[in-house]
Amino acid sequence: MDESASPQVPRVVSMSPAGRGRLRIVALSDGRELVFSDEACERAGLAVGMAADADLLAQLDHEERRANAHEAALRLLDARPRSEHEMRTRLALRGFDPETVAHEIERLRSAGLLDDARFARAWVEDRMRVSPRGTAMLRYELLGRGIDPEAAAAATDGIDDLELARSLAIQRGRRYVDRSHEEFLAKVGGFLRRRGFDYRVTAEALRTAWEQLAGDRPGPDIADAP
């Protein structure tokens, strides 16, 4: 006998909004009231009169987990763009099971909300605007967020490390125009290395900055020049 046709199986007798939110109160003929999201109800095809058997309730739970994962993902994306790896990790940390996470990742990808290449470009643009750094460090940061090496390289293509380091050295060096040459090298050089520039680029940028800032230095310090 089909379980859903059994008179012992409760039926859905009403569905009503739960306040102003996205939830619905689902009342069953046995007196129970269950709460599910609009999305879960729609995806399960819930309707008044349906038999609320074990299969239907399990499907509603399944769709509810997916709806909750989607809401969590949208909140994460609202804060800033995310890589696919980041999104997987964040959803897993929120307790969603692997199947739900995989479904949500595919949903976001299909909707164009997850795109690692676009994420990488946005990451680099933001870094260059807020805290410029060398290509090696940018690529390291992108790899750490699960971006594949090819996409990381494409996102940083076109960045001129030497030109960027020179600009940063001059900008930073203005703080130390009254210091000795050794102090200038230590302060500005340390700054450039922390931004991921290698020895050769750092040395050349320091030389350029020291020369270009010569006119800004007080007289006695000029004698410290090499």
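# A walk through the sheet, the core and two aromatic pairs

Start by selecting strands β1, β2 and β3: these three form an open sheet in the order β1-β2-β3, with antiparallel pairing. At the edges lie β1 (12–17) and β3, each of which pairs on one side only. Look along the sheet and compare the strand directions: on average, neighbouring strands are turned by 25 degrees against each other, direction ignored. Keep in mind as you go that this is a predicted model.

**Confidence first**

Colour the chain by pLDDT. The average is 91, and 93% of the residues score at least 70. Now compare two helices. Among the elements of the chain, helix α8 (residues 161–173) has the highest mean pLDDT, 97, while helix α11 (residues 219–222) has the lowest, 55. Where pLDDT is low, the predicted coordinates should not be read in detail. We will come back to α8 shortly.

**Back to the sheet, strand by strand**

Show β1 and β2 together. Five bridges join this antiparallel pair. Pick Met-15 and you will find Val-26 as its bridge partner in β2. Then pick Ser-16, which stands opposite Ile-25 in β2.

Leave Ile-25 selected and turn to the other neighbour. Which residue of β3 stands opposite Ile-25? Val-35 does. Strand β2 (residues 23–28) and strand β3 (residues 33–37) also pair in the antiparallel sense, over five bridges. Another partnership to display here is Ala-27 with Glu-33 of β3.

Next, zoom in on the hairpin of β2 and β3. Four residues lie between the strands, and Gly-31 takes a positive phi near 95 degrees.

**Into the nonpolar core**

Now hide the sheet and select Ala-165, Leu-168, Ala-169, Phe-184, Val-188, Leu-192 and Phe-197. These are the residues with the most contacts inside the largest nonpolar core, which has 19 residues. Helices α8, α9 (181–194) and α10 (199–212) each supply at least two residues of this core. Which helix gives the most? That is α8, with six residues.

Val-188 is a good residue to centre on. Leaving aside residues up to four places away in sequence, Val-188 touches Ala-169, Arg-172, Gly-173, Tyr-176 and Leu-206. Display those side chains around Val-188 before moving on.

**Two aromatic pairs**

The last stop is the aromatic rings, and the structure holds two pairs. Select Phe-119 and Trp-123 to see a tilted pair, with 6.0 Å centre to centre and 35 degrees between the planes. Why are these two separated by about one helical turn? The reason is that they are four residues apart in helix α5 (residues 116–130). Both Phe-119 and Trp-123 are buried.

For the other pair, select Phe-184 and Trp-210. Their arrangement is edge-to-face, with 5.0 Å centre to centre and 65 degrees between the planes. Phe-184 lies in helix α9 and Trp-210 in helix α10, so this pair ties together parts that are 26 residues apart in sequence.

Are these two rings' residues buried or exposed? Phe-184 is buried because its relative accessible area is 0%, under the 20% cut-off. Trp-210 is buried as well, with a relative accessible area of 5%. Phe-184 is also one of the residues with the most contacts inside the largest nonpolar core, so with Phe-184 selected you can view the aromatic pair that it forms with Trp-210 alongside the core itself.

Methods: Residues numbered from 1 in each chain as written. Predicted model: local features only at pLDDT ≥ 70, side-chain atom pairs only at ≥ 80, totals over all residues. Heavy atoms only, no water. pLDDT = per-residue confidence, 0-100. Pairing = 2+ DSSP bridges. Core = buried A, V, L, I, M, F, W, Y, C linked by side-chain atoms within 4.5 Å. Buried < 20%, exposed > 50% of the residue type's maximum accessible area, 1.4 Å probe, protein only. Contact = heavy atoms within 4.5 Å. Axes fitted to C-alpha atoms, helices over the stretch in contact; angles between N-to-C directions. Phe/Tyr/Trp six-rings, centres within 6.5 Å; stacked < 30°, edge-to-face > 60°.
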